[in-house]
2 protein chains.
Amino acid sequence: MKALGRHMIVELYGCNGQALNDVKLIAKMLKEATEAANATILSVQVHPLTPQGVSGVVVLAESHISIHTWPELGYASLDIYTCGEHTKPERALEVIREYLNPKNVNIVELKRGVLLE
Amino acid sequence: MKALGRHMIVELYGCNGQALNDVKLIAKMLKEATEAANATILSVQVHPLTPQGVSGVVVLAESHISIHTWPELGYASLDIYTCGEHTKPERALEVIREYLNPKNVNIVELKRGVLLE
């Protein structure tokens, strides 16, 4: 049974709080993660939140990568959703782990668009 | 046990293929869905895909709504991820169902950011 996409739903706990609050760093991280995953960027939006935190989404030709951060809790909520055999979402996660240095990571992976042939 | 966010992961099958390929309609739908959910838009990105389909993401003050469409398959992959007691993600889904008229809908709901107090 084939699926159109792979969606990695990732909880990052015990991250570096300063990194989680740095809009420029998060934007750089998302671009590097996309490159590592061998995916193509259509657009990038990264916003500071009030009173702290960052929300960033990269729309890809192959779906999206999103992150929402809670610096005060050391927590980030990450989605890496890619389509196509050429993409390597695990590599995006490796890049993001290097940037945020979480103490614990939880991953749920879903197949999206399972269509009977 | 409290969670920071609710993430509805929705598979829409048997949708109106013409609607799934209409960038303007998808953008309008995402904005209306956000309003219905009582969430706040930070930015909207909607892109046509090659050779068909649309990818759209609304970054919210309360996380995000994303959709990726395959008009040729009548399939759309939808995520409605909201934080805060004031948001009503089910209402966003109601709006999107009205626009895309799917024959079948599958929903998985995850709690995001479950933190022990």
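Which side chain meets that of B:Glu90 in a salt bridge? I put this query to the model, which is a predicted one, and noted the results below.

**Entry 1. The pair at B:Glu90**

I found that the partner is B:Arg6, with 2.6 Å from N to O in this salt bridge. I then looked up where the two residues sit. B:Glu90 belongs to helix α3 (residues 89–100) of chain B, while B:Arg6 belongs to strand β1 (residues 3–13) of chain B, so the salt bridge ties together parts that are 84 residues apart in sequence. I checked the accessibility of both residues. B:Glu90 is partly exposed at 34% relative accessibility, and B:Arg6 is partly exposed as well, with a relative accessible area of 29%.

**Entry 2. A pair within one helix**

I turned next to B:Glu32 and B:Lys28, whose side chains form a salt bridge at 3.4 Å, N to O. Both residues lie in helix α2 (residues 23–36) of chain B; they are four residues apart, which means a separation of about one helical turn. For B:Glu32 I noted a relative accessible area of 32%, hence partly exposed. B:Lys28 also counts as partly exposed, at 49% relative accessibility. I recorded a network too: A:Arg6, A:Glu90 and A:Glu109 are joined by salt bridges that share partners.

**Entry 3. Pairs that cross between the chains**

I counted ten salt bridges over all chains. Between chain B and chain A the count is four. One that I examined is formed by the side chains of A:Asp79 and B:Arg112, at 3.0 Å from N to O. A:Asp79 is in strand β5 (residues 75–83) of chain A and B:Arg112 is in strand β6 (residues 104–114) of chain B, so this salt bridge joins two chains.

Are these two residues buried or exposed? I found A:Asp79 to be buried, with a relative accessible area of 0%. B:Arg112 is likewise buried, at 1% relative accessibility. I also looked up A:Arg112, which forms a salt bridge with B:Asp79; the closest N and O atoms there are 3.0 Å apart.

**Entry 4. The interface**

I then listed the contacts between the chains: 34 residues of chain B are in contact with 35 residues of chain A. The two chains bury about 2500 Å² between them, and 64% of this area is on carbon and sulfur atoms. Across the interface I recorded 22 residue pairs in polar contact, both residues being at pLDDT 80 or more.

Which strands of chain B supply the side that touches chain A? I noted β1, β2 (41–48), β3 (54–60), β4 (63–70), β5 (75–83) and β6, each of which supplies at least two residues of that side. By class, this side of chain B has 19 nonpolar, eleven polar and four charged residues.

**Entry 5. How the copies are related**

Finally, I superposed the copies. A turn of 180° with a shift of 0.0 Å along the axis lays chain B on chain A, with an RMSD of 0.0 Å. The two copies are therefore related as by a two-fold rotation axis. I compared the interface residues as well: 100% of those of chain B are also interface residues in chain A, so the copies meet through the same surface.

Methods:
Residues are numbered from 1 along each chain as its sequence is written. Chains are lettered from A and ligands numbered from 1 in the order in which they are written. This is a predicted model: local features need pLDDT of at least 70, side-chain atom pairs count only at pLDDT 80 or more; totals for chains, interfaces and linings use all residues. Side-chain values use heavy atoms; hydrogens and water are left out. Buried means under 20% relative accessible area, exposed over 50%, partly exposed in between (1.4 Å probe, protein chains only). Contact means heavy atoms within 4.5 Å. Buried area is the accessible area (1.4 Å probe) that two parts lose on being put together, summed over both. A polar contact is a pair of N or O atoms within 3.5 Å; within protein, one must be able to donate a hydrogen and the other to accept it, and residues adjacent in sequence count only if both atoms are side-chain atoms. Ala, Val, Leu, Ile, Met, Phe, Trp, Tyr, Cys and Pro count as nonpolar, Asp, Glu, Lys and Arg as charged, and the others, Gly among them, as polar. Copies are superposed by least squares on the C-alpha atoms of residues with pLDDT of at least 70 in both.
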